[in-house]
Each structure stands twice: as C-alpha cells, then as structure tokens.
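Subject: Structure handover

Hello,

Here is the structure I said I would pass on. My notes on it follow below.

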Amino acid sequence: QVQLVESGGGSVQPGGSLMLSCAASGMSDAVNVMGWYRQFPGKERELVATVHSSGQTRYANSVKGRFTISRPIRTNFVDLRMDSLEPEDTAVYYCNLLELASGRNSWGQGTRVTVSS
C-alpha cells in the first residue's frame, strides 16, 4: 500500500555533503511522522532524524548541528541534508513513515552513504 523510495546516496570524502531524498506514495493518514534511520555494518538500525506533519523535528545527538531534515512537500517527501560528513556516518540510510492514526509503519529499501578518504 505504502511505498517509500530513497535517492541521493553515494561516496564522499570527510567534510563533504550529501542530500538524501525520499518519495512516498500510498500514504493515507494526514497526521504522521517521516524520518531517516541508518544501519551500520553488524549493528542495529538507529534513528537519525524525524519530522512530524506539524513540522516538529527531532535529531540524534550524533548528527545534531550537521544534518537537517525537511519536508518541502509534507504529504509526499522528506529530505535529509548532511553536512560535515564523517567516516562514522558511513551506513545504509532508510526512509521511514509512521502514520499515527492507524499505526502503520513503512520503510524504504535503503540508500548507501560512504564517507572515506
């Protein structure tokens, strides 16, 4: 029913920047949270940043001040601007949608970010 497709991943040097984008289809709840999570090799998936349909945002301490989450079209898209990237940011990044009325939780397929010199 819901499909989330990420784009914008790639390889950059330390200190570089990337913009991740996620396009959603099939969303049915007006009140929702969209966000980005990441998974390091051999580790559990963890929260990076979220944004409520009201515009309220939340960031992991490890990315606060470096990453910016936004919903230029709140119903359909979520972006993640990543600045001052570090090797420790290397991971697969996943787009997430939580529809609060129904509790439906959806995930994208993931996009890889590699930060190395």
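N61 is exposed, since its relative accessible area is 71% and the cut-off for exposed is over 50%. This residue sits in the loop that links β6 (57-59) to β7. Its C-alpha atom is 8.6 Å from that of V48, a residue 13 places away in sequence. Please keep in mind that all of this comes from a predicted model.

The overall make-up comes next. The protein chain has 11 strands and 0 helices. Read along the sequence, its pattern is therefore β-β-β-β-β-β-β-β-β-β-β. The radius of gyration is 14 Å, close to the 13 Å given by the globule rule for 117 residues, so the chain is as compact as a globular protein of that length. Along the principal axes, the C-alpha atoms fill a box of roughly 45 × 25 × 20 Å. If one takes the contacts between residues at least 6 apart in sequence, 54% of them join residues at least 24 apart.

On the surface, the protein chain exposes about 6100 Å², and carbon and sulfur atoms supply 47% of that area. The chain carries 11 positive and 10 negative charges, and the mean positions of these two sets are 3 Å apart. Of the 117 residues, 43% are buried.

Now to the interior. In soluble globular proteins, nonpolar side chains tend to be buried together. The largest nonpolar core in this chain has 29 residues, and the members that touch the most others are W36, L80, M82 and Y93. At least two residues of this core come from each of β3 (18-25), β4 (32-39), β5 (46-52), β7 (67-70), β8 (77-82), β9 (91-99) and β11 (111-115).

Which residues does Y93 touch, once those up to four places away in sequence are set aside? They are E6, L20, W36, Y37, R38, V48, F67, L80, M82, G110, T111 and V113. Among these partners are W36, L80 and M82, which are named with Y93 as the core members touching the most others. Y93 itself lies in strand β9. It is buried, because its relative accessible area is 0% and buried means under 20%. R71, by comparison, is 22 residues from Y93 along the chain, and their C-alpha atoms are separated by 17 Å.

Two serines are also worth a look in the viewer.

S106 is in strand β10, which covers residues 104-107. Is S106 buried or exposed? S106 is buried, with a relative accessible area of 9%. Apart from neighbours within four places in sequence, S106 is in contact with V2, L4, C95, N96 and L97.

S84 is in the loop between β8 and β9. The phi angle of S84 is near 50°, which is a positive value in a residue other than glycine. With a relative accessibility of 41%, S84 counts as partly exposed, because that value falls between the limits of 20% and 50%.

To recap the residues picked out here: N61 is exposed, S84 is partly exposed, and S106 and Y93 are buried. For a first view, I would start from Y93 in β9 and then look at N61 in its loop between β6 and β7.

Regards

Terms used
Residues numbered from 1 in each chain as written. Predicted model: local features only at pLDDT ≥ 70, side-chain atom pairs only at ≥ 80, totals over all residues. Heavy atoms only, no water. Core = buried A, V, L, I, M, F, W, Y, C linked by side-chain atoms within 4.5 Å. Buried < 20%, exposed > 50% of the residue type's maximum accessible area, 1.4 Å probe, protein only. Helix = DSSP H or I, 4+ residues; strand = E, 2+ residues; numbered from the N terminus. Contact = heavy atoms within 4.5 Å. Rg over C-alpha atoms; globule rule 2.2 N^0.38 Å. Areas by Shrake-Rupley, 256 points an atom, 1.4 Å probe, with all protein chains shown as cover. Lys, Arg positive; Asp, Glu negative; His and termini not counted. Charge placed at Lys NZ, Arg CZ, Asp CG, Glu CD.
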